[in-house]
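The exercises below invite a reader who is new to this structure to work through it slowly. Each task is followed by a solution that goes step by step.

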Amino acid sequence: MSEAEAEHKGRQAESPASPRSSGPTRPSATWGRVAGAVLARPWLWPTALGQVFRLARRGWWRRPPFVPLPDREYLRFRMQTAYGGDPPPERPVAEDVLTYLRWCRRFPA
């Protein structure tokens, strides 16, 4: 097993909640974990901010809530392609979001 695989396996074991867990984790708590994980890595801030606006609904500033959120159907599609299931889970695993942001940072559009 390579060092990277061992590190990934260790992170999976430490992961507080998977999207499929039936525990009492609230979606807001999970998104808080994702935000905390990103805030702990300042080198990912520009990438994360860029992705927030890249994935936001068109004209998000014209409709309440005036927040650059992704389209609900797009987010559902992404969660289904990432984790499977019907219906797909409503929340991602923080480490998966970090992996996605690292990928975006390495291969900018």
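**Exercise 1.** Is D86 buried or exposed, and what is its relative accessible area?

*Solution.* Keep in mind from the start that the model is predicted. The relative accessible area computed for D86 is 64%. The cut-off for calling a residue exposed is over 50%, and D86 accordingly counts as exposed.

**Exercise 2.** Find which side chain meets that of D86 in a salt bridge, and explain which parts of the chain the pair ties together.

*Solution.* Step one is to identify the partner, which is R76, with a distance of 3.3 Å from N to O. Step two is to place both residues: D86 lies in the loop between α4 (72-83) and α5 (94-106), while R76 belongs to helix α4, so the salt bridge ties together parts that are 10 residues apart in sequence. Step three is to look at the surroundings of the partner, and here R76 turns out to be partly exposed, with a relative accessible area of 34%.

**Exercise 3.** State how many salt bridges the structure holds, and describe the one formed by R102.

*Solution.* The structure holds two salt bridges. R102 forms a salt bridge with E95, and the closest N and O atoms of this pair are 3.2 Å apart. Turning to accessibility, R102 is partly exposed at a relative accessible area of 33%, whereas E95 has a value of 15% and is buried, the cut-off for buried being under 20%.

**Exercise 4.** Locate R78, and give the separation between its C-alpha atom and that of P92.

*Solution.* Begin with the helix: R78 is found in α4. Its relative accessibility of 38% makes R78 partly exposed. Along the chain, R78 and P92 are 14 residues apart, and their C-alpha atoms are separated by 9.9 Å.

**Exercise 5.** Describe the protein chain as a whole, beginning with its helices and strands and ending with its accessible surface.

*Solution.* The protein chain has five helices and zero strands, which, read along the sequence, gives the pattern α-α-α-α-α. The protein chain has 109 residues, and 23% of them count as buried. If one takes the contacts between residues at least 6 apart in sequence, 51% of these contacts join residues at least 24 apart. Finally, the accessible surface of the protein chain comes to about 8100 Å², and carbon and sulfur atoms account for 60% of that surface.

Methods: Residues are numbered from 1 along each chain as its sequence is written. This is a predicted model: local features need pLDDT of at least 70, side-chain atom pairs count only at pLDDT 80 or more; totals for chains, interfaces and linings use all residues. Side-chain values use heavy atoms; hydrogens and water are left out. Helices (H or I, at least four residues) and strands (E, at least two) are DSSP runs, numbered from the N terminus. Buried means under 20% relative accessible area, exposed over 50%, partly exposed in between (1.4 Å probe, protein chains only). Contact means heavy atoms within 4.5 Å. Accessible areas come from the Shrake-Rupley method with a 1.4 Å probe; for residues, only the protein chains shown count as cover. A salt bridge is a side-chain nitrogen of Lys or Arg within 4 Å of a carboxyl oxygen of Asp or Glu.
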